[in-house]
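This report walks through a protein model for a reader who will inspect the coordinates alongside the text. Backbone details come before the overall architecture.

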Amino acid sequence: MLLIVQQARDAWPYAPDRSSGTDTVMILIGQYDSPFVRRVGIALTLYGLPYAHRPWSTFSDADKIRPYNPLTRVPTLVLDDGEVLIESHVMLDYLDSLVSADRRMFPTTEPARHQALKIAALATGLGDKAVSLFYERLLHETVSDLWVERCRKQIRGAMAALEADRSTRSETYWFGGDRIGHADIAVAAVLRFLGEAHPELVSLADFPALSAHAERMEALPVFQAISQPFIPPA
Ligand SMILES: N[C@@H](CCC(=O)N[C@@H](CS)C(=O)NCC(=O)O)C(=O)O
């Protein structure tokens, strides 16, 4: 049994980088069914940065989150010096500063950098609309058809734009090479959320390049480890 555990550890390619010599670790607040929390958890893991995870819900655990983030939103990232970051993109920007330039998961040179930022922004914007649509249906007694239709159009529009871009590229990762990037992660995490929170909204069969991309990413060990089925807020 011990041998099996040891072998599993050896096979895990994302060993924590403890070179900073400190025992204090960052704390990632939020559940992995949020694509925003998940993209940060995946980046922390791929970078080998040690962190503690507090899977607090924005609704039932709001009182626990508030002292760290008055917006009571997730992800919330508490740094090892006690500073708190909000917004997943800001967190990734900070994490990128902790690793050498050749390991950063946003390209560091143009035009690749702004192209990758745009793909990630399309994905997270789509995620924003999917979250907004979910709250509209969950929290309003009378659901606004106007808002629902607007969100649907925005989601489908972003999906079409992402599909058009991905279908021109044949490599495993969006921007080629042998390394996953933040854009790859954002797209796959958001597609998983969309499929689970709004199963009726889009058929992935209509977006073959995107669904192949998501399938490849979800098969990676890090995506399987940093993962949680969608639980609607209660
Ligand atoms: N733009 C934010 C979006 C984060 C977000 O929408 N988080 C949701 C959970 S998936 C949340 O905190 N919802 C509670 C609320 O907004 O009140 C980011 O990238 O971090």
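Pro75 sits in the loop between helix H3 (62-65) and strand S3 (76-78), and the peptide bond that leads into Pro75 from Val74 is cis, with omega near 0 degrees. The model is a predicted one, and the backbone values given here are to be read in that light. A cis peptide bond also joins Glu110 and Pro111, where omega is about 5 degrees; Pro111 belongs to the loop between H4 and H5.

The loop between H3 and S3 also holds Thr72, a residue other than glycine whose phi is positive, near 45 degrees. Thr72 has 17 other C-beta atoms within 10 Å and is therefore partly exposed, since the class lies between the limits of 12 or fewer for exposed and 20 or more for buried. Glu87 has a positive phi as well, near 80 degrees, and is likewise not a glycine. Glu87 is placed in the loop between strand S4 (84-86) and H4, and because 16 C-beta neighbours lie inside 10 Å, Glu87 counts as partly exposed.

The table lists the neighbour counts of four partly exposed residues.

| Residue | C-beta neighbours within 10 Å |
|---|---|
| Thr72 | 17 |
| Glu87 | 16 |
| Glu136 | 15 |
| Arg137 | 15 |

Glu136 lies in helix H5, and Arg137 is found in helix H5 too. Setting aside residues up to four places away in sequence, Glu136 touches Val143, Ser144, Trp147 and Val148. Val148 also provides a reference point for Arg137: the two are eleven residues apart along the chain, and their C-alpha atoms are separated by 8.3 Å. Glu136 and Leu46, by contrast, are 90 residues apart in sequence, with 34 Å between their C-alpha atoms.

Which residues surround the ligand? The shell is made up of Ser34, Phe36, Thr58, Arg73, Val74, Pro75, Glu87, Ser88, His89, Thr124 and Val131. The elements that contribute two or more residues to this shell are H4 and helix H5 (112-139). Sorted by class, the shell around the ligand comprises four nonpolar, five polar and two charged residues. Both partners of the cis bond between Val74 and Pro75 are listed in this shell, as is Glu87, the residue whose positive phi was noted above.

On the scale of the whole chain, the protein contains nine helices and four strands, which follow one another from the N terminus in the order α-β-α-β-α-β-β-α-α-α-α-α-α. The radius of gyration is 18 Å, close to the 17 Å that the globule rule gives for 234 residues, so the protein is as compact as a globular protein of that length. Taken along the principal axes, the C-alpha atoms fill a box of roughly 55 × 45 × 40 Å. Of the 234 residues, 32% count as buried, and among contacts between residues at least 6 apart in sequence, 69% join residues at least 24 apart.

The domain assignment divides the protein into domain 1 (2-103) and domain 2 (112-220). The contact between them takes eight residues from domain 1 and nine residues from domain 2. On the domain 1 side, helix H2 (35-46) and helix H4 (88-98) are the elements that give two or more residues, and H2 gives the most, with six residues. By class, this side of domain 1 has five nonpolar, one polar and two charged residues.

In soluble globular proteins, nonpolar side chains tend to be buried together. Here the largest nonpolar core has 51 residues, and those with the most contacts inside it are Ala43, Ile119, Ala123, Val187 and Val190. At least two residues of this core come from each of strand S1 (26-29), H2, H4, H5, helix H6 (145-166), helix H7 (182-197) and helix H8 (208-218), and the largest share, ten residues, is supplied by H7. The core draws at least three residues from each of domain 1 (2-103) and domain 2 (112-220). For Ala43, the contacts beyond four places in sequence are Leu92, Leu95, Met105, His182 and Ile185.

Notes. Residues are numbered from 1 along each chain as its sequence is written. This is a predicted model: local features need pLDDT of at least 70, side-chain atom pairs count only at pLDDT 80 or more; totals for chains, interfaces and linings use all residues. Domain bounds come from an automatic or database domain assignment. Two residues are in contact if their C-beta atoms, placed from the backbone, lie within 7 Å. Ala, Val, Leu, Ile, Met, Phe, Trp, Tyr, Cys and Pro count as nonpolar, Asp, Glu, Lys and Arg as charged, and the others, Gly among them, as polar. A residue is near a molecule or strand if its C-beta atom, placed from the backbone, lies within 6 Å of it. The radius of gyration is taken over C-alpha atoms; the globule rule is 2.2 Å times the number of residues to the power 0.38. A nonpolar core is a set of buried Ala, Val, Leu, Ile, Met, Phe, Trp, Tyr and Cys residues joined through C-beta atoms within 7 Å.
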